[in-house]
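Work through the exercises below with the model open. Each task is followed by a solution in steps.

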Amino acid sequence: MMLLNPGPVNVSERVRQALTRPDICHRESDFAELQQGIQAKLLKAFVPGAESEYAAILITGSGTAAVESALMSSIPHGKRALIINNGVYGERMSQMVGLHRLGVSELKHEWTERPDPERLRLALRQHPEVHAVGMVHHETTTGLLNPGKAIAEVVDGLNRVFILDAVSALAGESIDIAGSKIYMVAGTAGKCIQGFPGVSFVLVRKGFLERMRAYPKRSLYLHLTHYVDDQGRATVPFTPAVQLYYAFDEALSELLEEGVAKRIQRYKKMAQLIRERMAKIGIKPVLQPDRQSNSITAYYLPEGVAYPTLHDRLRAMGYVIYAGQGNLENKIFRIANMGAVTEAQFIAFLDAFEQIVGGHP
Ligand SMILES: Cc1ncc(COP(=O)(O)O)c(C=O)c1O
């Protein structure tokens, strides 16, 4: 089955085979080596040249675990968080801080609009109690790419902490994490990194990690400093999904062999291929081209075509597409181009799609 949903993704045979490596105990040196290897690869891939300034903390759990752990661990007593919300995942960040009454009123934007850095600057000046700002880099809801660098500049300029949900962005979009002084970045194995779901991570600036040790614990499992000992070395406080770590390690090796910049270019090229063909057959995108990410395109459903019908017919031919979420649920569908999938496979999918909608939507 070819997965055109934004994770879980199709993985390579090499990554799948890694699951079958020998059983090991997470308290033994073999696991420590595996974990250290993954951490070193993550830092090399995403903060190249600044590896010594960041720590990579691994969590057994989906991307939401990484985002929630970053948010919950980064707010001192008496301080608050401000969330930029322009989609389902911004909304989720808002819910996280809302549950603990740690938020100030969110900066809400339309799901098709990019956040405005000047609006953020104003809000931060009005709210000195805000310590951390949370935003999604790539809003998977619509495939909207948010302006990570411009927002990071405002956050850093006003001495706040930026927490970026890059779950669907890392390895698909370029961002200079270290250069933009982003303190925390949440990611997952199971999207553009092309591993399996179930392992996620947070890249944390080391100086900030030390400050976080004094912050309140709001979760036992997700308190990030539990995962780092007094010397700054990684610990494993809970049983990790060992086999998934093997596969994650292999996926990161593949990423580094391909090169992060080349992976991003490949995704961009596949997205262009999809967009050109869809334009040719008259399928309308939800977003203006300059807002679209490299790995998802949201389209309005063709006139008279119901999502379940489109989905089921494509599925019968071996292709899984993705529905809209929230208020876009019955209006749009999404095509993701993440994973170990070839250009020829995308072309075959597009042929199947054209055959189904008849070229005359
Ligand atoms: C931007 C973003 N953040 C967070 C998540 C949540 O990840 P998970 O479903 O792995 O918990 C997703 C999942 O699609 C996402 O796209």
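**Exercise 1. Contacts and overall size**

Find what share of the contacts in the chain with a separation of 6 or more comes from residues 24 or more positions apart.

Solution. Two residues are in contact if their C-beta atoms, placed from the backbone, lie within 7 Å. Restrict the list to contacts with a separation of 6 or more; residues 24 or more positions apart account for 72% of them. This is a predicted model, in which local features need pLDDT of at least 70, side-chain atom pairs count only at pLDDT 80 or more, and totals for chains, interfaces and linings use all residues. Residues are numbered from 1 along each chain as its sequence is written.

Next, size. The C-alpha trace spans about 60 × 55 × 35 Å along its principal axes. The radius of gyration, taken over C-alpha atoms, is compared with a globule rule of 2.2 Å times the number of residues to the power 0.38. For 361 residues a compact globule would come out near 21 Å; the chain has 20 Å, which agrees.

**Exercise 2. Burial and one loop residue**

Is His127 buried, exposed or partly exposed?

Solution. Take the cut-offs: buried means 20 or more other C-beta atoms within 10 Å of the residue's own, exposed means 12 or fewer, and partly exposed is in between, with C-beta atoms placed from the backbone. Count for His127: 14 other C-beta atoms lie within 10 Å, so His127 is partly exposed. For the chain, buried residues make up 47% of the 361 residues.

Now place the residue. His127 sits in the loop between helix H5 (117-126) and strand S5 (130-136). Helices (H or I, at least four residues) and strands (E, at least two) are DSSP runs, numbered from the N terminus. Setting aside neighbours within four places in sequence, His127 contacts Leu82 and Val104. Thr20 is 107 residues away along the chain, and its C-alpha atom is 52 Å from that of His127.

**Exercise 3. Two sheets**

Trace the strand order of the seven-strand sheet, then of the three-strand sheet.

Solution. Two strands pair if DSSP finds at least two bridges between them. The seven-strand sheet is open, with mixed pairing and the order S2-S10-S9-S8-S5-S3-S4. Strand S2 (54-60) and strand S4 (107-108) each have a single partner strand, so one side of each has no neighbour in the sheet. Inside, S8 (161-165) and S9 (184-188) pair in the parallel sense over three bridges. Asp165 stands opposite Ala186 in S9.

The three-strand sheet is also open, antiparallel, and ordered S11-S14-S13. Its edge strands are S11 (296-300) and S13 (322-323), each pairing on one side only. S11 and S14 (332-336) pair in the antiparallel sense over five bridges. Tyr300 has Ile332 in S14 as its bridge partner.

**Exercise 4. Domains and ligand shell**

How many residues does each domain give to the contact?

Solution. Domain bounds come from an automatic or database domain assignment. They give domain 1 (12-258) and domain 2 (260-357). The contact takes 22 residues from domain 1 and 21 residues from domain 2. On the domain 1 side, strand S7 (144-145) and helix H8 (242-258) each supply at least two residues.

Which residues are closest to the ligand? A residue is near a molecule if its C-beta atom, placed from the backbone, lies within 6 Å of it. By that test 14 residues surround the ligand, and the closest are Ser62, Gly63, Thr64, Thr140 and Val167. Helix H3 (63-72) gives the most to this shell, with three residues.
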